[in-house]
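The exercises below ask you to read helices, salt bridges and contacts from a set of coordinates. Each task is followed by a solution that proceeds step by step.

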Amino acid sequence: MKIDLHTLGPLVALVALVILGALLNSAFLAPANITNVLARSAFIGLIAVGMTFVITAGGLDLSVGSMAAFLAGITIIAMNAALPSLGVNWGTIMLGMVVAVLGGIAAGWLNGALVTKARIEPFIVTLGTMGIFRSLVTWLADGGTLSLDYGLRTLYRPVYYGGIGWLTWPIIAFAVVAVCGEWTMRHSRFGRHVEAIGSNDRVARYSAIDVNRMRLLTYVLLGLLVGLAVVLYVPRLGSASGSTGVLWELEAIAAVIIGGTALKGGRGRVWGTVVGVLILSLIDNILNLADLVSPYLNGAIQGVIIVLAVVLQREKRTAEER
């Protein structure tokens with residue numbers, strides 16, 4: 001049986017990082033550190049699962065980090081505004097959750113509609129909305145920080161810090177979304193259509209697939225998952241500003257590419273994306289624990305990883321064509 005090293009590569013890298021981390025610092029495998037790594041991975045992981053569908057369909061979204069900041073901002077504003085009439089209770093928090101999720105769906109629809117209806121390149125569309133969302137949250141915060149009422153924040157905190165045993169709610173949510181995402185990509189009509197569109201959208205049209213509708217739905221799905229990530233992120237800090245979510249789009253795209261999803265579309269691996277998210281989180285955690293590199297260089301490291309992953313994908317495609 002032939003072993004596909006390109007498929008197993010991310011898993012091998014993940015195992016190697018776990019071994020390296022354990023050798024460099026004895027605290028690496030401590031339950032508290034593992035829980036912290038997984039919980040912090042959940043935000044990017046949720047977004048990366050949605051990004052997998054967008055990229056598999058031949059799209060791209062550079063706005064997810066700014067979108068998350070904007071959604072966090074309007075979520076906090078909505079809860080603070082409802083506080084005088086609703087009080088400090090779960091009704092107020094549920095209102096904020098609804099605002100985050102519906103706002104994410106609307107933002108995703110906007111990106112998707114501009115790509116499919118206006119026929120503008122995804123790179124241009126999402127580069128523009130990235131600036132729009134980031135500017136809007138900065139304007140709403142008046143250049144500062146939007147903070148959630150202390151009473152609401154105290155009540156809301158268990159959504160991030162609570163859970164079942166050592167599994168916090170963000171970890172559980174990420175796991176559920178990852179399993180559902182992998183099943184959808186592999187076994188549903190939607191997943192098959194997404195891959196077909198990414199492989200060759202012209203052939204997909206001849207096969208009676210509504211290409212524009214499917215692509216629009218991938219952006220809506222991504223917006224929904226950004227909204228869910230915000231629901232879990234807001235109780236962590238209870239604030240939002242113009243710097244919230246910076247480089248989240250880079251991390252999400254890097255996780256997708258590392259996991260084996262083709263950057264040009266046509267082949268998606270949600271399980272690979274999950275491995276990619278964990279690889280990035282472990283690299284960041286190991287560098288911090290071992291104090292090997294300044295945390296300010298994390299973005300540079302992720303950029304190098306993206307370039308290397310794309311180079312490896314191109315070499316694989318060239319080898320297959322031969």
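**Exercise 1. A pair within one helix**

Why are Asp201 and Arg205 separated by about one helical turn?

Solution. The model is a predicted one, in which local features need pLDDT of at least 70 and side-chain atom pairs count only at pLDDT 80 or more, while totals for chains, interfaces and linings use all residues. Residues are numbered from 1 along each chain as its sequence is written, and side-chain values use heavy atoms, with hydrogens and water left out.

Step 1: Asp201 and Arg205 both lie in helix H10 (residues 201–206), and because they are four residues apart there, about one helical turn separates them. Helices here are DSSP runs of H or I with at least four residues, strands are runs of E with at least two, and both are numbered from the N terminus.

Step 2: the two side chains meet in a salt bridge, with 3.8 Å from N to O; the term requires a side-chain nitrogen of Lys or Arg within 4 Å of a carboxyl oxygen of Asp or Glu.

Step 3: Asp201 is partly exposed at 27% relative accessibility, and Arg205 is partly exposed at 39%. Buried means under 20% relative accessible area, exposed means over 50%, and partly exposed lies in between (1.4 Å probe, protein chains only).

**Exercise 2. From a pair to a network**

Which residues are linked with Asp201 in a network of salt bridges, and how many salt bridges does the rule give?

Solution. Step 1: Arg215 and Asp201 also meet through their side chains in a salt bridge, at 3.7 Å from N to O. This pair links distant parts of the chain, since Arg215 is in helix H11 and Asp201 in helix H10, 14 residues apart.

Step 2: Arg215 is buried, with a relative accessible area of 18%.

Step 3: Asp201, Arg205 and Arg215 are therefore members of a network of salt bridges.

Step 4: the count by this rule comes to three salt bridges. One of them joins Arg186 to Glu195, whose closest N and O atoms are 2.7 Å apart; Arg186 is partly exposed at 33%, whereas Glu195 is buried at 17%.

**Exercise 3. The two faces of a helix**

Take helix H8 (residues 169–187), check its span, and decide how its buried and exposed residues are arranged.

Solution. Step 1: the expected span is 1.5 Å times one less than the number of residues, so the 19 residues of H8 should span 27 Å, and its end C-alpha atoms are indeed 27 Å apart.

Step 2: the buried residues of H8 are Pro170, Ile171, Ala173, Phe174, Val177, Ala178, Gly181, Glu182 and Met185. They cover an arc of only 160° around the axis, which puts them on the same side of H8; the arc is taken from the directions that run from the helix axis to the C-beta atoms.

Step 3: the face of H8 turned away from this buried side carries the exposed residues Val179, Trp183 and His187.

Step 4: the buried residues of H8 pack against several elements, among them helix H2 (31–56), helix H11 (211–237) and helix H13 (270–290). Contact means heavy atoms within 4.5 Å.

**Exercise 4. A covered helix**

How many of the 11 residues of helix H12 (residues 248–258) are buried?

Solution. Step 1: nine of them are buried, and H12 is accordingly described as mostly covered.

Step 2: the buried residues include Trp248, Glu249, Ala252 and Ile258.

Step 3: Gly260 follows H12 and has a positive phi, near 105°.

**Exercise 5. Contacts of two buried residues**

Which residues does Gly223 contact, leaving aside neighbours within four places in sequence, and which does Val115 touch, not counting residues up to four places away?

Solution. Step 1: Gly223, in helix H11, is buried at 0% relative accessibility, and its contacts are Met67, Gly104, Ile105 and Gly108. The C-alpha atoms of Gly223 and Asn111 are separated by 9.0 Å, although these residues are 112 residues apart along the chain.

Step 2: Val115, in helix H4 (residues 90–116), is buried at 12%, and it touches Ile120, Pro122, Val125 and Tyr219. Val115 and Ile283 are 168 residues apart in sequence and 34 Å apart in space, C-alpha to C-alpha.
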